[in-house]
Amino acid sequence: MIRELLDKLTGRRKSRFGKRVEIGPATHRIDLSLVDGRAISVVSTLKNAGYEAYIVGGAVRDLLLGLRPKDFDVATNATPEQVKALFRRAFIIGRRFRIVHVVFGRGREHEVIEVSTFRAHLDSADAEHVSGNERTAKSQLAGVKHAVDASGRVLRDNVWGPQHEDAARRDFSINAMYYDPQSQIVVDYHNGFADAQKRVLRMIGDAAARYREDPVRIIRATRFAAKLAHLGFKLDAKTSRPLAALKGLLADVPQSRLFDEMLKLLQTGHGQASVEQLKKLGLAQGIYPLLDLAVQRAQEPFMAAALQDTDRRVAEGKPVAPSFLLACLLWQDVRALWQQRTAQGEHTHPALQAAIDEVFDARIGDVSGRGRLAADMREIWMMQPRFEKRTGASCHTLAEQPRFRAGLDFLQLRAANGEVPEMLADWWTQFAQSGQSVREDLIAQARAEQQRAPRSKARKPKAAAPAASPASPADSASPGPAAAGDAAPPQAAPAEGGAPAKKRRRRRKPAGGAPETASAPAAHAPSRQPPAAE
């Protein structure tokens, strides 16, 4: 209260909350056809009930730039409970910021309009100060509407206020405008319209203080700079200057929130540009382990192709899945461990399963507990050795798997980067696009090829088998495929030719089959090698 009184006396209130400016359609030139009808419906429902309601945030920015927004948010002076009461399918979510999701449609075609209540602009000095974070200070945060931690990071912000205060607590000026689709008026308090015209990304208020309030704004600044770079937008100098120095504040942000922000950076259509912005702003390392790894590997052919493919799909309006991009990011680790395990004698599929578990533990940690995400990544990886088999009913079974399309896209990336023959990816692509009769022809052709090709290779294990028998049972029972391969050069040493083979045949009866058992691993070794490891 004292601070508010001082602001009024010194005139600071005017500069802090800005001045309300209404911009008409003749000036802003927003095309109403670009506005989602469901967002207009939410605004109309709230206004008909006697509340204020506006489309707000990035949607208004995109509309001013002539773009069709992907998401629409609505701001109102109705409380979350009042909003929920007006809609049949509405759900209150969040603790830090309580908002309402109004849901239209069902299944994959559903659309969510996010509705937030105008929030008061409160000084951190007036907030409840707690020790710890969201997890460690749950008891202190119970029932608290406005709270900050020791660094000034906002942990609770659920105090409602007027529109001009709500505008002041938003981050960038171009995201702090309000659009009424009924009157077609844009409300601007912080020169956001002018900044949009000048292509400037400017933080409202003191940038360093705003980053301390919510360190995730550091990532958001990078994302907006990457997203809007092709339109000529650049970060204001005062906005970009504190970024690198304050990135350590992100250590206190929950890992789940950082994970979500990482996905927004990499798979919303500007992944490659985001990586470049992170490097440019001094944020290439130290934000989030998986993001650090993505920046590190972004120039490697496989990951570069994955980012490029993701950006292309978003531009074409096609869906993208975080599991696919993460599977590409971590494939290098999985593949290396897979090869290592098969070289030690483990069978292909168990070795791959174990490699995946090891990578999840080392790279993802508790994120691997996100059930569906980890399961989808595992399924994409586990399909790769199955693609090597192109005969029998297993081809049809594989093509019916829910994640088959993602697994095939992954195989195509591997083929493009020389991990597997392009012929294999082409075969499966044709198989996926064909009817039953063509599929049977493809399988028959693959069977004929395999029956011809192994004949010359099948003679080699027979010639190698006699050389394996001189090894002791203890030695020959343990080595895997690598050991069997290492034994090949010494095979020329015994010049007796078939003598070892005759001895082995004569010893089968008296020795109870021990030598025969010892030679078995070498005979089966070729099948343990992962076909994609070459």
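**View 1. Tyr 54, a buried ring, and its partner Tyr 178.** In this predicted model, Tyr 54 has a relative accessibility of 11%, so it counts as buried. Tyr 178 is buried too, with a relative accessible area of 0%. A search of the whole structure turns up 15 aromatic pairs, and one of them is Tyr 54 with Tyr 178, set edge-to-face with 6.0 Å from centre to centre and 75° between the planes. Tyr 54 belongs to strand β2 (residues 53-56) and Tyr 178 to strand β10 (residues 177-180), so this pair ties together parts of the chain that sit 124 residues apart in sequence.

**View 2. Trp 427 and Phe 431, a stacked pair in helix α23.** Here the ring centres are 5.3 Å apart and the planes differ by 15°, which makes the pair stacked. Both residues lie in helix α23 (residues 422-433), and because they are four residues apart, about one helical turn separates them. Trp 427 and Phe 431 are both buried.

**View 3. Arginines over aromatic rings.** Stay with Trp 427 for a moment: the charged end of Arg 390 sits over its ring, 5.4 Å from the centre. So Trp 427 has Phe 431 stacked with it and Arg 390 placed over its ring. Elsewhere, Arg 223 does something similar with Phe 224, its charged end sitting over that ring at 5.2 Å from the centre.

**View 4. A five-member aromatic cluster.** Which residues make up this one aromatic cluster? They are Phe 302, Phe 324, Trp 331, Trp 338 and Phe 410.

**View 5. Cys 328 and Cys 395, two buried cysteines.** Cys 328 has a relative accessible area of 3%, under the 20% cut-off, so it is buried. For Cys 395 the value is 0%, and that residue is buried as well. Don't go looking for a disulfide in this view, or in any other: the structure holds zero.

**View 6. Zooming out to the whole chain.** To put the close-ups in context, the chain has 29 helices and 13 strands. Of its 534 residues, 46% are buried, Tyr 54 and Cys 395 among them. Take the contacts between residues at least 6 apart in sequence: 67% of those join residues at least 24 apart. As for the outside, the chain exposes about 26,400 Å², with carbon and sulfur atoms supplying 51% of that area.

Technical notes: Residues numbered from 1 in each chain as written. Predicted model: local features only at pLDDT ≥ 70, side-chain atom pairs only at ≥ 80, totals over all residues. Heavy atoms only, no water. Phe/Tyr/Trp six-rings, centres within 6.5 Å; stacked < 30°, edge-to-face > 60°. Helix = DSSP H or I, 4+ residues; strand = E, 2+ residues; numbered from the N terminus. Buried < 20%, exposed > 50% of the residue type's maximum accessible area, 1.4 Å probe, protein only. Lys NZ or Arg CZ within 6 Å of the ring centre and 35° of its normal. Disulfide = S-S within 2.5 Å. Contact = heavy atoms within 4.5 Å. Areas by Shrake-Rupley, 256 points an atom, 1.4 Å probe, with all protein chains shown as cover.
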